[in-house]
Amino acid sequence: MAILWPRELPVSIRQDRRRSAEVRVYDRLAAVLDDSFTVFYSSPWLGTDHLGNERDGECDFMIAHPRMGYLTLEVKGGGISFDPEERQWWSTDRDGFRFRIKDPVEQARSAKHELLAKLRATRHWQGRWIHNSHGVVFPDAAAPPRDLGADRPAHIFCCSRELGHGFREWIESRLLEVPPRIETRGLGRDGIAAFESILAQPFTLSFQIAGAMEDDRQHFCVLEPTQFHVLEMIADIGRAEIRGAAGTGKTIVAIEEARRMAVAGQRTLLTCFGRPLANELARATGAIGNLTVGSFHSVCLNAAETAGLELPSVGRRDQKFFDNTLPELLMDAVAAKPDLMWKTIVVDEGQDFQDSWWVAIESALLPGGRLRIFSDANQRVYTRQNVPATDLQLVPIRLCRNLRNTKSIHAAAVVHYEGPEVIPEGPDGLAVNWIEVRTLDALLMAAYEEVRRLVYQNDVSASEIAVLLPNAAWVERFLITVSRSHLEFANCSDLSTDRIVVDTLRRFKGLERSAIILVVAESDLANGELAYVGLSRPRFYLAVVARASDMKWLKETAIVSP
């Protein structure tokens with residue numbers, strides 16, 4: 001049996017329909033090759049183009065032999081066709097859908113040259129000629145009836161018949177097709193070891209994070225419905241403050257409460273302090289009649305404009321305008337036009353509201369209306385016993401189960417929490433990845449390398465990742481660092497994006513992502529609130545990049561994960 005990297009395919013790969021053709025080839029290689037062959041599956045690497053920009057490469061399979069050299073293979077499933085006029089390849093799946101695919105010959109050929117360049121980048125290999133070749137496997141297709149071009153002879157394609165009968169013979173014919181150069185000394189065992197160093201080392205983690213995250217996601221799918229029991233508890237309560245630590249589901253319950261009241265015909269407001277969170281609330285609720293969703297200041301501004309009140313010019317909108325003027329305008333607007341008032345007001349992240357704003361909130365609530373305030377219970381950060389200083393006659397309700405974070409992430413965040421006990425209900429999860437660097441300059445590169453590791457070595461979707469930085473200057477520095485990357489980045493204004501989110505920790509407050517890379521610098525992250533917020537943002541995976549002094553403070557008396 002061939003030596004395989006990885007030794008076994010994870011269940012998440014075997015069950016992925018998109019990889020079914022690759023899985024069949026993997027199993028056939030394991031069956032037909034002996035241990036003189038080493039097979040690397042889905043091995044990623046980083047190269048550069050002629051302009052010096054990053055170019056990410058990946059080879060479906062690379063087969064190495066100490067005497068015969070190496071062979072790169074590209075695999076394409078389904079029925080395959082090629083249009084020579086447009087030079088376009090097509091695949092037809094089992095359901096009859098036809099879609100464009102990349103040129104598999106060019107992919108295999110490019111991989112062959114890139115890997116040779118990687119091998120020769122070391123001094124030991126600069127003077128050695130290594131025999132190499134490339135091929136394409138179509139497990140579901142018949143062999144092409146003729147050559148598809150000068151650089152696409154029919155014999156470089158292995159199709160369904162050869163795969164089932166004669167696969168090893170086809171592999172050896174590709175490896176031995178071109179006579180070795182006189183200077184060739186063979187790949188040798190040291191060549192195999194070199195390729196293992198280049199391609200196989202990442203496989204100690206390949207697919208582990210994505211697979212583990214998916215397992216944890218399935219666990220949470222069972223738990224999340226239990227968050228809604230609180231809605232039944234407060235059904236007959238007019239005014240309530242629902243308090244809980246990060247991860248206890250406050251936002252989820254707030255969204256559901258607002259949705260239910262709006263659907264029941266009540267004019268409802270769902271609001272919070274930060275605009276990114278307000279955008280996410282609006283996305284989560286969709287278009288529902290009777291429901292207004294927006295940040296507190298945008299709600300105040302819209303109400304004032306609707307009531308026809310005079311507003312200061314844009315140039316005069318300083319901090320005082322947001323702290324005092326806008327809340328006062330909301331009170332003036334509902335006084336002038338009472339039909340702007342709401343029957344139900346739901347406030348998320350209530351601990352971020354200033355005391356005077358609650359007067360404006362109450363003035364916008366219809367007599368006998370329902371008020372729901374969701375706030376954080378961390379007494380280490382938010383020292384007041386009740387969020388609003390004014391007496392709103394709120395009935396306190398406590399959420400005590402962490403249904404967002406895995407136990408390992410909960411253990412890291414709870415170091416910075418003081419308050420009522422919170423029970424972590426999630427799975428154990430992956431260990432927090434504490435990435436220690438020596439200098440501030442090394443922080444951003446370490447964060448970028450972690451992003452690449454998640455995407456290219458662990459199959460984590462870009463849409464599940466966020467990089468959180470201390471302030472806007474650090475965000476700009478990070479984007480400069482990654483400017484030559486093919487990865488795409490966006491800020492947290494729209495979490496529905498398929499791109500990797502890069503933003504400040506403050507702007508990300510109240511939001512979450514499956515995987516978070518938290519960058520700690522000489523900033524106000526030393527503030528206990530931001531440490532608590534940052535460590536509790538991820539659902540399944542957390543990496544913290546920091547220097548030794550910051551790392552020690554973040555861990556403090558770190559709780560060991562169960």
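Me: How many of the five residues of strand S21 are buried?
Reply: We're in a predicted model here, and S21 covers residues 500–504. The strand is mostly covered. Buried means under 20% relative accessible area, and the count of S21 residues that are buried is five of five.

Me: Which residue is the bridge partner of phenylalanine 489 in S21?
Reply: Start with strand S20, residues 489–490, which runs parallel to S21. Two bridges join S20 and S21. For phenylalanine 489, the partner in S21 is isoleucine 500.

Me: And strand S19, which residue of S21 does its alanine 466 stand opposite?
Reply: S19 takes in residues 465–469 and is joined to S21 by four bridges. Those two strands run parallel. Opposite alanine 466, in S21, you'll find valine 501.

Me: Is H15 parallel, perpendicular or oblique to H16?
Reply: Two packed helices are described by the angle between their axes and the distance between the axes. For H15 (residues 441–457) and H16 (residues 472–481), that's an angle of about 60° and axes 10 Å apart. Roughly parallel needs under 35 degrees and roughly perpendicular takes 65 to 115, so H15 against H16 is oblique.

Me: Which residues of H16 does H15 meet, and what is the hand of the crossing?
Reply: On the H15 side, the residues in contact are Asp441, Leu443, Leu444, Met445, Ala447 and Tyr448. They meet Trp474, Arg477, Phe478 and Thr481 in H16. As for the hand, H15 passes H16 in a crossing that is right-handed.

Me: Which strands stand at the edges of the open sheet S5-S6-S7?
Reply: This sheet has three strands in the order S5-S6-S7, with antiparallel pairing. An edge strand has a single partner, so one of its sides is left without a neighbour in the sheet. That's the case for S5 (79–83) and S7 (98–101).

Me: By how much are neighbouring strands of the S5-S6-S7 sheet turned against each other on average?
Reply: The order S5-S6-S7 sets who neighbours whom in this sheet. With direction ignored, the average turn between neighbouring strands is 30°.

Me: Which residue in S7 stands opposite tryptophan 90?
Reply: S6, residues 88–92, pairs with S7 in the antiparallel sense. Four bridges make up that pairing. Across from tryptophan 90, in S7, is arginine 100.

Me: What span should helix H2 have, and how far apart are its end C-alpha atoms?
Reply: H2 has 13 residues, 20–32, and at 1.5 Å a residue it should span 18 Å. Its buried residues include Val23, Tyr26 and Leu29. The expected span agrees with the distance between its end C-alpha atoms, 19 Å.

Definitions and conventions
Residues are numbered from 1 along each chain as its sequence is written. This is a predicted model: local features need pLDDT of at least 70, side-chain atom pairs count only at pLDDT 80 or more; totals for chains, interfaces and linings use all residues. Side-chain values use heavy atoms; hydrogens and water are left out. The expected span of a helix is 1.5 Å times one less than its number of residues. Buried means under 20% relative accessible area, exposed over 50%, partly exposed in between (1.4 Å probe, protein chains only). Two strands pair if DSSP finds at least two bridges between them. Axes are lines fitted to C-alpha atoms, for helices over the stretch in contact, and angles run from 0 to 180 degrees between N-to-C directions. Angles under 35 degrees count as roughly parallel, over 145 as roughly antiparallel, 65 to 115 as roughly perpendicular and the rest as oblique. A crossing is left-handed if the near helix is turned anticlockwise from the far one by less than a right angle, and right-handed if clockwise. Contact means heavy atoms within 4.5 Å.
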